[in-house]
Structures are given as C-alpha cells and as structure tokens.
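Please walk me through this protein, beginning with its cysteines and then turning to its strands. Plain wording for a first-year student would be best.

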Amino acid sequence: QVQLVESGGGSVQAGGSLRLSCVASGYTYSNFCMGWFRQAPGKEREGVAAIYTGGGMPRYADSVKGRFTISDENGNNTLYLTMSSLKPEDTGMYYCAAADTYCSGAYWGKEYEYNYWGQGTQVTVSS
C-alpha cells in the first residue's frame, strides 16, 4: 500500500524558514515525479515544486523560485522542501504527491498528474 507521510510544518514569522519532509513507502521510489502542493483557505491547491527521482532539473512555481528548494534522498525514500524567506502568503496546507511518470514541464503542477497523495502538513506564516 502506497503511503506518503509529511512532517515539518509549523508556525513561523515572516522571513523565517522551515523544512518539510515526506517519507514514501509501498512502491519503488525511483523514477517517480515527486511534488509538493499547497492549499490556502478558500483557494485551490497549487503546485509548488517537483522533482524527478530519476534525475533532472527541479520545477518551481514562480512564486517560490529563489526561496524554496526541493530535494530528495533516494536511499531513504524521502522528499524535502526547504523553505526560506517565508511570507504570509505561503501559509497553507502542504501536500506531498507522487506520479509514476516524468515531471513534465507543462503538467508537473497539475493535480491530475499525481497518483498518490499524503495527508498534508500545515504551514502558518505570520507577519
């Protein structure tokens, strides 16, 4: 059974940093597109970043470029999202997702591309 379990969320002040983790189990971690999504209250879920575990350039939403870094440890089946210079608009529930495909430049940020989802971890940034 596929499981994605996120952790690392919390409350920080603007300008602060957090690192989210997502541990994957129940499938072969390699050669998957692993993504981070977020959903703010009253808004649609949006793609934040993605990385292909088989190698390649990571993908980022314009709103987080230069502030967030996605990475993974293949040996530990763990995906990370390192967030710095956090802003109040970064507040939301952050989800880890996995797709058994390459991270397409056009579709990596689309929910329908992903087969598996975690339960989410809350990030709150105060001004």
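**Cysteines, a sheet and a loop**

Cys 22 is buried, because its relative accessible area is 0% and buried means under 20%. This value, like those that follow, comes from a predicted model. Cys 96 also counts as buried, at 0% relative accessibility.

These two cysteines are bonded to each other. A disulfide is a covalent bond between the sulfur atoms of two cysteines. Here the bond joins Cys 22 to Cys 96, with 2.1 Å from S to S. Cys 22 belongs to strand E3 (residues 18-25) and Cys 96 to strand E9 (residues 92-99), so the disulfide ties together parts that are 74 residues apart in sequence. The torsion about the S-S bond of Cys 22 and Cys 96 is about -70 degrees, and therefore this disulfide is left-handed.

How many disulfides are there by the distance rule? The count is two. The other pair is Cys 33 and Cys 103, whose sulfur atoms are 2.1 Å apart. Cys 33 sits in strand E4 (residues 33-39), while Cys 103 sits in the loop between E9 and strand E10 (116-117), so this link ties together parts that are 70 residues apart in sequence. The link of Cys 33 and Cys 103 is right-handed, with 105 degrees about the S-S bond. Both Cys 33 and Cys 103 are buried. With bonded cysteines counted along the chain, the disulfides follow the pattern 1-3, 2-4.

Strand E3, which holds Cys 22, is also part of a sheet. Four strands make up this open sheet, in the order E1-E3-E8-E7, and their pairing is antiparallel. At the edges are strand E1 (3-7) and strand E7 (68-73), each of which pairs on one side only. On average, neighbouring strands of the sheet are turned by 15 degrees against each other, direction ignored.

At one end of that order, E7 pairs with strand E8 (residues 78-83) in the antiparallel sense, over six bridges. For example, Phe 68 has Met 83 in E8 as its bridge partner.

The loop between E7 and E8 contains Asn 74. Is this residue buried, partly exposed or exposed? Asn 74 counts as partly exposed, because its relative accessibility is 34% and partly exposed covers values between the 20% limit for buried and the 50% limit for exposed. Apart from neighbours within four places in sequence, Asn 74 is in contact with Tyr 29, Ser 30 and Thr 53. The C-alpha atoms of Asn 74 and Met 34 are separated by 11 Å, and these residues are 40 residues apart along the chain.

Methods:
Residues are numbered from 1 along each chain as its sequence is written. This is a predicted model: local features need pLDDT of at least 70, side-chain atom pairs count only at pLDDT 80 or more; totals for chains, interfaces and linings use all residues. Side-chain values use heavy atoms; hydrogens and water are left out. Two strands pair if DSSP finds at least two bridges between them. Helices (H or I, at least four residues) and strands (E, at least two) are DSSP runs, numbered from the N terminus. Axes are lines fitted to C-alpha atoms, for helices over the stretch in contact, and angles run from 0 to 180 degrees between N-to-C directions. Buried means under 20% relative accessible area, exposed over 50%, partly exposed in between (1.4 Å probe, protein chains only). Contact means heavy atoms within 4.5 Å. A disulfide is a pair of cysteine sulfur atoms within 2.5 Å.
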